[in-house]
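Please walk through the fold of this protein, part by part. Begin with its domains, then take the sheets, the ligand shell and a few single residues.

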Amino acid sequence: MKTLTKHVLSKSTFVYGCQCPKRLFLHKFKPELKPKISEARQAIFDTGTDVGLLAQKLFPGGVDASPESTYEYQKSVLLTKDLIRSGVKIIYEAAFQHEGVLAAIDILVKNGNKWEAYEVKSSTQIKEVNITDASLQYHVITGSGISLKDISIIHINNEYVRKGRLNISKLFRIESVLKDVLMTQDIVEKKIRELKKLLKNGVEPEVDIGPHCSDPYECEFTDHCWSHIPSPSVFDVSRLRESRKFELYEEGTVKLEDLNGELELTAYQEIQINSYLSGKKHINKKGVREFLSGISYPLYFLDFESFQTAVPLFNKSRPFQQIPFQYSLHYKKDKSSDLSHNFFLADGQDDPRPAFIEKLLKDTTKKGDILTYNIGFEKSIVNKLAEDFPQYQSAMTALSERMKDLMTPFRNGDYYHPSMNGSYSIKKVLPALVPEMDYDKLEISEGEMAGIAFRSMMINPDADRKKIRADLLEYCKTDTLAMVKILEVLETV
Ligand code: SF4
């Protein structure tokens, strides 16, 4: 049986090395420093795989050369060679290895006596890093003796609106990147030589932290490389450009105590830093009272949860559109009255939006302002629902006009607590104002996790639906109860 020596570099490790040589080194020699992969990140990978499989339908009838595991790529390389030799015209996950560098391509199609390569991305635009990927693929494929006529990226068309059955050719866009790829071949070859040398030497490169730690990807070694940065630091200064933060760091200004007038501070930044240095909260009574005078009982407290998918699941929806599936709604007739609670949580069987709208309109028939936290999100959902379901347009527009934002006094710096650390998200404001309430004890503790949990309930028949529903209800209810408690604190000012 034929065998092949294991590769030194792959497409992923090449991209790691281009981002930061230290990232490549740590990945290869100190993988134990990587934290466990988060649910959110895993969900992104899964999306990529699903979209890749769907895009294969643009070129039906191909043969799959993908390996059974990531450790068996050499078998894939040999299988690809055999498939090409035996005259197969469409290959999925074709793998190639050239001078120790491995690269697979999502779809390879024979056109005449030349080949066309297609790489699938679940994003809506082509980014610079996608060109880097494609350049490496081109180098390896052509280096393996394959004549490539073209190389393209297949990505999601964000203008596609689903109407009935999924239209694959409208969902995807195909763009040739051959021109850019040809222009970058010399750079790719030079980079490969550099990275191979780095791996051969086995000496950890000295690379300091910088904007490259999150560009083009969030690096998984930040816990390790950023361990010398105290909390809080200049990186926590609110609304400060990232480039300015790194300039300060490079000048040796890291702690907030070190700022010493080096920065021209905005009013909010001044509040943040003074509050940290004094350890005292900052309250602008006039600002808080002005906000309170703009809202009037009876009050609703409303919070939505939503999910998004690259491939639209329902009619009248686009790729990555936020689809609301849950809300929590507390109601208070006046300052001292008891709270009542209503909610909606879709069953995950079909499009949740019509039932969501109907129940929401029914639950908000009493007059009164509707408080949200970070109004932009809830308003955009309501406005999009009004657009997509015109039969509810006037009622949804009227609902949107009743919305007020509880985040306002915190975003304006009228109420600031040192533990908010430059943030006015509800996850920071709640423990600062109402320490007895805590998101950390919840199974689902942030919006992204809620969306992932709901999607898993929709697509996975083995999911523990009862538990997921209970966790979702608890999480969303906590968000609106948090708003009630935060308002109570503001009312004492
Ligand atoms: S955290 Fe930054 S410096 Fe460290 S390996 Fe990652 S990219 Fe490089």
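The domain assignment of this predicted model divides the protein into domain 1 (11-201), domain 2 (228-276) and domain 3 (287-490). The C-alpha centres of domain 2 and domain 3 are 32 Å apart. Where these two meet, 10 residues of domain 2 are in contact with five residues of domain 3. On the domain 2 side that touches domain 3, six residues are nonpolar, three are polar and one is charged.

Some overall values set the scale. The C-alpha atoms of the protein fill a box of roughly 80 × 60 × 40 Å along the principal axes. There are 19 helices and 13 strands in the protein. Of its 493 residues, 33% are buried. Among contacts with a separation of 6 or more, 68% are between residues 24 or more positions apart.

Next comes a sheet. Six strands form an open sheet in the order E1-E2-E3-E4-E5-E6, and the pairing is mixed. Strand E1 (63-64) and strand E6 (172-176) are the edge strands, each pairing on one side only. E1 runs parallel to strand E2 (residues 90-98) and is joined to it by two bridges; the bridge partner of Asp-64 is Tyr-92 in E2. Helix H4 (residues 73-85) packs on this sheet and touches E1, E2 and strand E3 (101-111). The direction of H4 makes about 115° with that of E2.

Strands of a sheet pair through backbone hydrogen bonds, in either the parallel or the antiparallel sense. The antiparallel sense is found further along the order, where eight bridges join E2 to E3. Here Ile-90 stands opposite Val-109 in E3. The hairpin of E2 and E3 has two residues between the strands, and in it Glu-99 takes a positive phi near 50°. E3 is also antiparallel to strand E4 (residues 114-120), with five bridges between them, and Lys-110 stands opposite Trp-115 in E4. The hairpin of E3 and E4 likewise has two residues between the strands, with Gly-112 at a positive phi near 70°. How enclosed is E3 by the rest of the structure? Eight of its 11 residues are buried, so E3 is largely enclosed.

Strand E8 (residues 299-307) can be read in a similar way. Nine of its nine residues are buried, so the rest of the structure largely encloses E8. In a regular strand the side chains alternate between the two faces of the sheet. From E8, Leu-299, Phe-301, Asp-303, Glu-305 and Phe-307 point one way, while Tyr-300, Leu-302, Phe-304 and Ser-306 point the other way, and all are buried. The buried residues of E8 thus include Asp-303 and Glu-305.

Which strands does E8 pair with? E8 and strand E9 (residues 323-332) are antiparallel over nine bridges, and Phe-307 has Ile-323 in E9 as its bridge partner. E8 also runs parallel to strand E11 (residues 369-372), joined by three bridges. In that pairing Leu-299 stands opposite Asp-369 in E11.

The loop between helix H13 (353-363) and E11 holds Lys-366. Is Lys-366 buried or exposed? Lys-366 is exposed, because only 9 other C-beta atoms lie within 10 Å, and a residue with 12 or fewer counts as exposed. Lys-366 and Pro-230 are 136 residues apart in sequence and 50 Å apart in space, C-alpha to C-alpha.

The ligand is the last topic. Around it are Cys-20, Lys-22, Arg-23, Leu-26, Val-207, Ile-209, His-212, Cys-213, Cys-219, Phe-221, Thr-222 and Cys-225. By class this shell has eight nonpolar, two polar and two charged residues. Helix H2 (21-29) and helix H9 (222-225) each supply at least two residues of the shell. The largest share, three residues, comes from H2.

Thr-222, one of the residues around the ligand, is found in helix H9. Thr-222 has 14 other C-beta atoms within 10 Å, so it is partly exposed. Thr-222 and Ala-117 are 105 residues apart in sequence, and their C-alpha atoms are 35 Å apart in space.

How values were computed. Residues numbered from 1 in each chain as written. Helix = DSSP H or I, 4+ residues; strand = E, 2+ residues; numbered from the N terminus. Buried ≥ 20, exposed ≤ 12 C-beta atoms within 10 Å, placed from the backbone. Contact = placed C-beta atoms within 7 Å. Near = placed C-beta within 6 Å. Nonpolar A, V, L, I, M, F, W, Y, C, P; charged D, E, K, R; others polar. Domains from an automatic or database assignment. Pairing = 2+ DSSP bridges. Axes fitted to C-alpha atoms, helices over the stretch in contact; angles between N-to-C directions.
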